[in-house]
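Visitor: I am new to this structure and would be grateful for a close look at one part of it. Please begin with a single residue and then widen the view step by step to its surroundings.

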Amino acid sequence: MQMEKKVGIIGAGMCGLLACKYSLSKGYTPFVFESRGSIGGVWTQTFKTTKLQTSRSLYQFSDFPWPSSVPEFPDHSQVLDYLISYATHFNLLPHIKFNSKVLGINYEGPSNEAVKAWDLWSGTGQPFNSKGKWNITVQDTNSLSIEVYQVDFVILCVGQYSDVPKIPEYPAGKGPEAFRGKVIHSMEYAAMDFDTAAEFIKGKKITAVGFQKSALDIAMECSAANGALNPCRLLYRTEHWSIPKHYPWWALVYLYFNRFEELLLHKPGEGLLLRLLATILSPLKWVISKFVETYITHKLSLAKFGMVPEQSFHKGISSCMLSSMPEEFYDKVEKGSIVLKKAPKFSFCKEDIVVEGEATPLETDLVIWLQGSREMISLKTYLCPPPFGTTS
């Protein structure tokens, strides 16, 4: 009789829930370790105005559709409710260990020489091997007690980014330490409850740094709290394409999110036919990109505000540098409650911040970093010691 196979899953966001569900369907026993007290990953700590920036039809489980009552762009609470409903429907919650922080993963099995033979990992089509086990060291964040779980397979579902904020380094005397005001990262703002966050920004002269989804959302919240009396200044390095909420999403789906679009790209190891097709059809990439650029530029009046990006829409969507534009964002800019300021570099002084190349400081009480978090930390953070001779 085949022995029970155990799967360790780190993270209970969308990917962690999927991994748990499909592990159960295969007859395995999953252990999901979630450092927070609830499922949902990034959706457990958001801004008050945060909404899904893609159509709900592009962000759903194939076997669990959204309720028909949910709008096309659900807010953060509706997304979290959807994930909880999914976990409840498929009875995943009993397999999740909340407030469980993974401290390390250690592999017990064949020597490096045996693993290099590669026969343990290919040829059989099986992800498990009886000769190796994984020990997962887990700490209860409430009691601080530590327990070790032994599993046959590990799935990392911790997302693309870490919980370490991305903040630039400054020369001595020109960084946040020289500033008498307050400097925080968007993670700190998102961790506040909504009432505390609203009170925190009220009446302050705020400079938000960034121009992706989080920056746009915070600028809208600051604008609503302080109006044109204390406008939110949004510093950005370069313009990026943002899609208006009233954009016909079906068009984007048919133009980009389909199998045909793959034929427009050259791929490693492609055959003669695919190479010819990609070469012949490649002009379509330019046509589609220009169509979308023209539509967005007109719809958002980007030329009026000097916000037409230099890079093509195709490049923006290919590099994932794309976000949805909050409703009435440029109306706020026009009314003066949001001020756009291009600033490739800036530094801090005692009372204000100084944009490189400008003599006049920008009066500021609060600086909010909105440049995301550092990319996913190396697996060496989890793996101790690195298995299979891994050095990076």
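Guide: Helices and strands are here runs assigned by DSSP, with at least four residues for a helix and at least two for a strand, numbered from the N terminus. In these terms Arg-56 belongs to the loop that connects strand S2 (29-33) with helix H2 (76-89). The model is a predicted one.

Consider first the setting of Arg-56. This residue is buried yet takes part in no salt bridge. The nearest side chain of opposite charge is that of Glu-72, at 4.3 Å. A salt bridge requires a side-chain nitrogen of Lys or Arg within 4 Å of a carboxyl oxygen of Asp or Glu, so the 4.3 Å between Arg-56 and Glu-72 does not qualify. Leaving aside residues up to four places away in sequence, Arg-56 touches Trp-66, Pro-67, Ser-68, Val-70, Pro-71, Glu-72 and Pro-74.

The strand before this loop, S2, leads to a sheet. Four strands make up this open sheet, in the order S3-S2-S1-S7, with parallel pairing. Its edges are strand S3 (96-97) and strand S7 (153-156), each of which pairs on one side only. Between strand S1 (residues 6-10) and S7 there are four bridges in the parallel sense, and Val-7 stands opposite Phe-153 of S7.

Helix H1 (residues 14-25) lies across S1, S2, S3 and S7, and its direction makes an angle of about 170 degrees with that of S1. From the first C-alpha to the last, the 12 residues of H1 reach 17 Å, which is close to the 16 Å expected at 1.5 Å a residue. Gly-16, Leu-17, Ala-19, Cys-20, Lys-21 and Ser-23 are the buried residues of H1. They pack against S1, S2, H2, S3 and S7, so the two elements that flank the loop of Arg-56, S2 and H2, are both among their partners. Just after H1, Gly-27 adopts a positive phi of about 90 degrees.

The edge strand S7 also leads to a charged pair. Side chains of opposite charge can pair when their charged atoms come close. Asp-152 forms a salt bridge with Lys-133, with 2.3 Å between the closest N and O atoms. Asp-152 is in the loop between strand S6 (146-151) and S7, while Lys-133 is in strand S5 (residues 133-140), so this pair ties together parts 19 residues apart in sequence. Asp-152 has a relative accessible area of 7% and is buried, whereas Lys-133, at 26%, is partly exposed.

By the rule already stated, the count of salt bridges comes to nine. Another of these joins the side chains of Glu-351 and Arg-180, at 3.5 Å from N to O. Glu-351 lies in the loop between strand S15 (346-348) and strand S16 (352-355), and Arg-180 in the loop between strand S8 (161-165) and strand S9 (182-185), so the pair links parts that are 171 residues apart in sequence. Glu-351 is partly exposed, with a relative accessible area of 43%, and Arg-180 counts as exposed at 61%.

A further salt bridge, at 3.4 Å from N to O, brings together the side chains of Lys-290 and Glu-293. Both residues belong to helix H9 (residues 272-300), where they are three residues apart, about one turn of the helix. Lys-290 counts as partly exposed at 36% relative accessibility, and Glu-293 is buried at 9%.

Another strand completes this view. In a regular strand the side chains alternate between the two faces of the sheet. Strand S10 (residues 206-209) is covered on both faces, with Ile-206 and Ala-208 buried on one side and Thr-207 and Val-209 buried on the other. S10 runs parallel to strand S18 (residues 366-369), to which four bridges join it, and Val-209 has Trp-369 of S18 as its bridge partner. S10 also pairs in the parallel sense with strand S11 (residues 232-236), over three bridges, and there Thr-207 is matched with Arg-233.

Finally, the chain as a whole contains 11 helices and 19 strands, and 40% of its 392 residues count as buried. Of the contacts in the chain with a separation of 6 or more, 70% are between residues 24 or more positions apart.

Key. Residues are numbered from 1 along each chain as its sequence is written. This is a predicted model: local features need pLDDT of at least 70, side-chain atom pairs count only at pLDDT 80 or more; totals for chains, interfaces and linings use all residues. Side-chain values use heavy atoms; hydrogens and water are left out. Buried means under 20% relative accessible area, exposed over 50%, partly exposed in between (1.4 Å probe, protein chains only). Lys and Arg count as positive and Asp and Glu as negative; His and the chain ends are not counted. Contact means heavy atoms within 4.5 Å. Two strands pair if DSSP finds at least two bridges between them. Axes are lines fitted to C-alpha atoms, for helices over the stretch in contact, and angles run from 0 to 180 degrees between N-to-C directions. The expected span of a helix is 1.5 Å times one less than its number of residues.
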